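Reader: I should like to go through the terms applied to this structure and ask on what grounds each one is used.

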Amino acid sequence: MPITVAVDAMGGDDAPGVVVEGAVQAARSGGANLRVLLFGPAERIRPLLDRALNGEALPVELHDAPDVIEMAESPSAAIKNKRRSSIHLGLAAHKADLADAFVSAGNTGAVMAGALVILGRIPGVDRPSLVGFYPTTKGLALLLDAGSNVDCKPEYLVQFGRMGSIYAERILRAEKPTVGLINIGEEPGKGNAQAKSAYELMREAYGIRFAGNVEGRDVMHHAADVIVADGFVGNVMLKLGESITTALPHMAAQAMQRLKLGAEEQQLVGRVLSEIKRPFNYENYGGAPLLGVSGNVIIGHGGSTPRAIERMIQAGAELARQGVTEAVAESF
């Protein structure tokens with residue numbers, strides 16, 4: 001039985017062109033195991049889809065969704081007033097079990113608001129959380145929250161740790177994943193009131209293998225499989241990590257100029273930098289899962305390329321295939 005993924009064809013800075021192209025690529029690579037439902041204005045998307053398919057018989061279906069939610073629109077107002085949008089109808093298809101997952105590179109707030117209104121929260125989860133991926137010296141670490149909850153109670157941080165642990169087990173295949181709490185020091189009793197309280201709760205929490213406080217300098221040395229922070233700190237960390245891909249080459253170019261390296265030496269350094277940058281490329285991770293809602297939702301980068309869209313669809317299918325949402329519901 002193939003996994004069916006509903007896709008917001010109007011989501012992203014370069015939609016719908018790149019989304020259609022990415023959806024076709026995903027259907028082609030998924031073979032008989034994947035079916036794609038594209039939601040968006042049919043008159044705009046049909047010519048693009050026909051061109052991308054070029055006569056090839058692939059499991060990609062177009063569903064008309066004439067309303068478009070722009071990137072800068074108010075999320076709550078858009079979800080309330082644009083009930084025939086690609087986000088609203090795509091999520092509704094998932095709710096009605098016509099699709100196993102929903103993915104979008106569109107208005108993040110609108111996707112989150114729509115997921116909460118249409119799919120609802122998993123009972124026991126106070127705040128759904130976006131997952132970020134942080135490359136380390138020992139593979140990936142998960143970062144929760146990546147920006148969806150700027151102000152958090154200590155109890156929310158514990159829930160992020162529990163959801164992140166399940167995702168790490170199911171998707172990253174981490175055995176007994178550890179959970180670390182971002183703080184300004186390793187010792188118990190460090191940090192602000194939120195961190196101190198969260199530390200005590202995590203130490204006793206069900207479903208968490210607590211590794212204690214983690215300082216920023218230890219994150220990329222894989223101090224824990226799951227790193228927990230409020231959305232304000234988490235988003236700063238995520239954006240700092242993204243800057244490595246642009247800052248390192250610039251700094252390396254300046255250093256090579258000072259050292260007067262020859263062309264061959266510069267090429268060698270460039271190859272090394274390319275390998276270092278690879279894990280930081282957002283295209284590799286297929287967007288950010290939204291854990292804690294009663295469904296499988298992936299939210300992608302607004303500047304997603306066709307490759308990033310393809311990976312988002314694959315990530316949505318894998319989220320459904322591995323039963324992450326069901327496991328979170330059972331845990332809570």
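**Grounds for the terms used**

Author: In this predicted model, V293 is buried, its relative accessible area being 1%.

Reader: Why is V293 called buried?

Author: Buried means under 20% relative accessible area. The value for V293 is 1%, so the residue is called buried. V293 belongs to the loop between β11 (288–291) and β12 (297–299).

Reader: Which residues does V293 touch, leaving aside those up to four places away in sequence?

Author: They are A115, L116, G120, R121, I122, P128 and T325. Each counts as a contact because heavy atoms lie within 4.5 Å.

Reader: What makes α6 oblique to α11?

Author: Helix α6 (residues 154–170) packs against helix α11 (residues 324–331) at an angle of about 140°, and their axes are 10 Å apart. Roughly perpendicular covers 65 to 115 degrees and roughly antiparallel is over 145. An angle of about 140° fits neither class, and therefore α6 is oblique to α11. The crossing of these two helices is right-handed.

Reader: Which residues make the contact between α6 and α11?

Author: From α6 come R162, M163, I166, Y167 and R170, and from α11 come V324, A327, V328 and S331. By class, six residues of this contact are nonpolar, one is polar and two are charged.

Reader: How do you know that R28 and E56 form a salt bridge?

Author: The rule asks for a side-chain nitrogen of Lys or Arg within 4 Å of a carboxyl oxygen of Asp or Glu. The closest N and O atoms of R28 and E56 are 2.9 Å apart, so the pair qualifies. R28 lies in helix α1 (residues 17–30) and E56 in the loop between α2 (42–53) and β3 (60–64), so the salt bridge ties together parts that are 28 residues apart in sequence.

Reader: Why does R28 count as partly exposed?

Author: Partly exposed lies between the 20% and 50% limits. R28 has 40% relative accessibility, so it counts as partly exposed. E56, at 33%, also counts as partly exposed.

Reader: What makes E200 and R203 a salt bridge?

Author: Their closest N and O atoms are 2.5 Å apart, which is within 4 Å, so the pair meets the rule. Both residues lie in helix α7 (residues 193–204), three residues apart, about one turn of the helix. By this rule the model has nine salt bridges.

Terms used:
Residues are numbered from 1 along each chain as its sequence is written. This is a predicted model: local features need pLDDT of at least 70, side-chain atom pairs count only at pLDDT 80 or more; totals for chains, interfaces and linings use all residues. Side-chain values use heavy atoms; hydrogens and water are left out. Helices (H or I, at least four residues) and strands (E, at least two) are DSSP runs, numbered from the N terminus. Buried means under 20% relative accessible area, exposed over 50%, partly exposed in between (1.4 Å probe, protein chains only). Axes are lines fitted to C-alpha atoms, for helices over the stretch in contact, and angles run from 0 to 180 degrees between N-to-C directions. Angles under 35 degrees count as roughly parallel, over 145 as roughly antiparallel, 65 to 115 as roughly perpendicular and the rest as oblique. A crossing is left-handed if the near helix is turned anticlockwise from the far one by less than a right angle, and right-handed if clockwise. Ala, Val, Leu, Ile, Met, Phe, Trp, Tyr, Cys and Pro count as nonpolar, Asp, Glu, Lys and Arg as charged, and the others, Gly among them, as polar.
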